[in-house]
Amino acid sequence: MTTWTTDFRRALRGIARRPGFFAVAAATLALGIGANAAIFAIVDALLLQPLPYPHADRLVSVYDTSPKTGGDDDDTTVPDYLDERTQAPSLQDAAVYQYASFTLQDGDAPTRLTGLRATPSLFATLGTQPALGRVFGEDEAAAGRDRVVVLSHHAWRERFAGDPGVVGRDLRLDGETWRVVGVMPDGFYFPRVDVELWTPYAIRPEQREDAERGHSDITGIGLLKSGASVAALETELRAIVARNAARSSELREDYARTGFTIRAKPLADAWFGNLRPTLWLLQGTALLVLLITLFNVANLLLARLGARRREFALRAALGAGRLRIGRQVAADIALLAAAGGG
């Protein structure tokens with residue numbers, strides 16, 4: 001039997017004799033470690049890890065802003081989106097989307113689903129292919145031809161029992177017939193994990209007119225070309241606004257009154273940028289709690305070692321050296337740390 005094994009067995013016997021001390025110390029340590037683990041998991045997922053898309057570092061949020069009238073970080077409009085796709089060389093692709101809610105009539109009880117209406121370019125912009133079937137195409141982003149659905153993997157598994165035959169099946173959504181054309185891969189979400197289906201955003205002819213500018217009700221996303229920067233894209237977006245103002249006196253007056261321009265920022269910043277100060281504050285607070293916890297546990301251990309002074313003196317008198325006694329103390333602390341961490 002090794003010396004360390006003997007030390008750990010003695011430590012376990014000591015715990016059995018005084019379980020109350022061990023339970024209090026382990027619970028105190030667990031509180032500090034647990035708080036830090038929980039907060040850091042959130043910080044890591046939202047701030048440190050890249051978004052779960054192949055080119056996450058090149059994804060940007062593109063939005064209209066009118067600072068003079070308080071319209072900062074707004075959504076965008078169809079004419080602005082169309083301009084960006086055709087007049088911004090830094091963009092490889094772009095898309096717009098809008099939240100929608102659908103009632104699925106499948107059986108006796110209707111079910112409410114969270115969905116997204118998106119331009120067909122969304123999936124190419126995100127760089128993600130379906131696990132089954134296909135995504136909807138440009139020809140399906142037209143009124144009357146837009147009754148097609150791409151399901152999330154979660155919705156496919158939970159609501160359709162993971163049946164591969166769901167592709168090509170007709171569903172009743174909001175009292176109308178929609179056809180399932182594809183299923184996205186496991187782990188894919190956009191823009192939130194609770195979105196269960198995507199349908200085409202059908203652009204109406206009147207939405208393409210200048211009169212639609214300023215009525216922001218859709219959200220824009222873009223994919224930068226390799227090597228392009230957000231700063232270069234913003235320069236191109238300002239040039240688009242300037243060209244529109246130059247060709248239309250009405251737009252020029254409106255832009256001057258509102259301070260209108262089009263901006264861009266990394267998608268991760270758009271989603272989580274406002275949370276960054278709060279999350280780092282929470283992480284700092286959790287670290288402070290951990291330091292207080294360690295201080296309290298250290299005090300408990302010092303008190304416990306003081307109570308064992310006679311035991312250590314007796315072991316020293318029987319020939320145990322300082323290293324031997326120190327190893328026994330280390331075994332006690334190791335078990336405590338393992339229990340608190342576990």
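Trainee: How far apart, N to O, are the side chains of aspartate 269 and arginine 276 in their salt bridge?

Mentor: This is a predicted model, in which local features need pLDDT (the predictor's confidence in each residue, from 0 to 100) of at least 70, side-chain atom pairs count only at pLDDT 80 or more, and totals for chains, interfaces and linings use all residues. Residues are numbered from 1 along each chain as its sequence is written, and side-chain values use heavy atoms, with hydrogens and water left out. A salt bridge needs a side-chain nitrogen of Lys or Arg within 4 Å of a carboxyl oxygen of Asp or Glu. Aspartate 269 and arginine 276 form such a bridge, and the N to O distance is 3.3 Å.

Trainee: What is the relative accessibility of aspartate 269?

Mentor: Residues are sorted as buried (under 20% relative accessible area), exposed (over 50%) or partly exposed in between, using a 1.4 Å probe and protein chains only. Arginine 276 is partly exposed, at 29%. Its partner aspartate 269 is also partly exposed, and its relative accessibility is 32%.

Trainee: How many salt bridges are there by this rule?

Mentor: The bridge between aspartate 269 and arginine 276 is one of them. By this rule, the count of salt bridges is 20.

Trainee: How many residues apart in sequence are the parts that aspartate 83 and arginine 213 tie together?

Mentor: The side chains of these two residues meet in a salt bridge of 3.0 Å, N to O. Helices (H or I, at least four residues) and strands (E, at least two) are DSSP runs, numbered from the N terminus. Aspartate 83 is in helix H3 (residues 78-87) and arginine 213 is in the loop between strand E8 (197-200) and strand E9 (219-224), so the separation in sequence of the parts they tie together is 130 residues.

Trainee: Are aspartate 83 and arginine 213 buried or exposed?

Mentor: Both residues belong to a network of salt bridges that also links Asp80, Asp210 and Arg247. As for accessibility, aspartate 83 and arginine 213 are both buried.

Trainee: Which residue forms a salt bridge with glutamate 196?

Mentor: Glutamate 196 is buried, at 8% relative accessible area, and lies in the loop between strand E7 (176-183) and E8. The partner is in helix H5 (residues 153-159), so the pair ties together parts 37 residues apart in sequence. That partner is partly exposed, at 32%. With closest N and O atoms 2.8 Å apart, the residue is arginine 159.

Trainee: Which residues does alanine 155 touch, not counting those up to four places away in sequence?

Mentor: Alanine 155 has its place in helix H5 and is buried, at 2% relative accessible area. Its C-alpha is 7.6 Å from that of leucine 197, although the two are 42 residues apart in sequence. Contact means heavy atoms within 4.5 Å. On that basis, alanine 155 touches Phe160 and Glu196.

Trainee: What distance separates the C-alpha atoms of glycine 162 and valine 183?

Mentor: Glycine 162 sits in the loop between H5 and strand E6 (170-173). Leaving aside neighbours within four places in sequence, glycine 162 is in contact with Trp156 and Arg157. Valine 183 is 21 residues away along the chain, and the C-alpha separation is 9.9 Å.

Trainee: Where in the protein chain is confidence lowest?

Mentor: The chain has a mean pLDDT of 85, and 82% of its residues reach 70 or more. Confidence is highest in E8, at 97. The lowest mean, 60, belongs to residues 309-317, which form helix H10.
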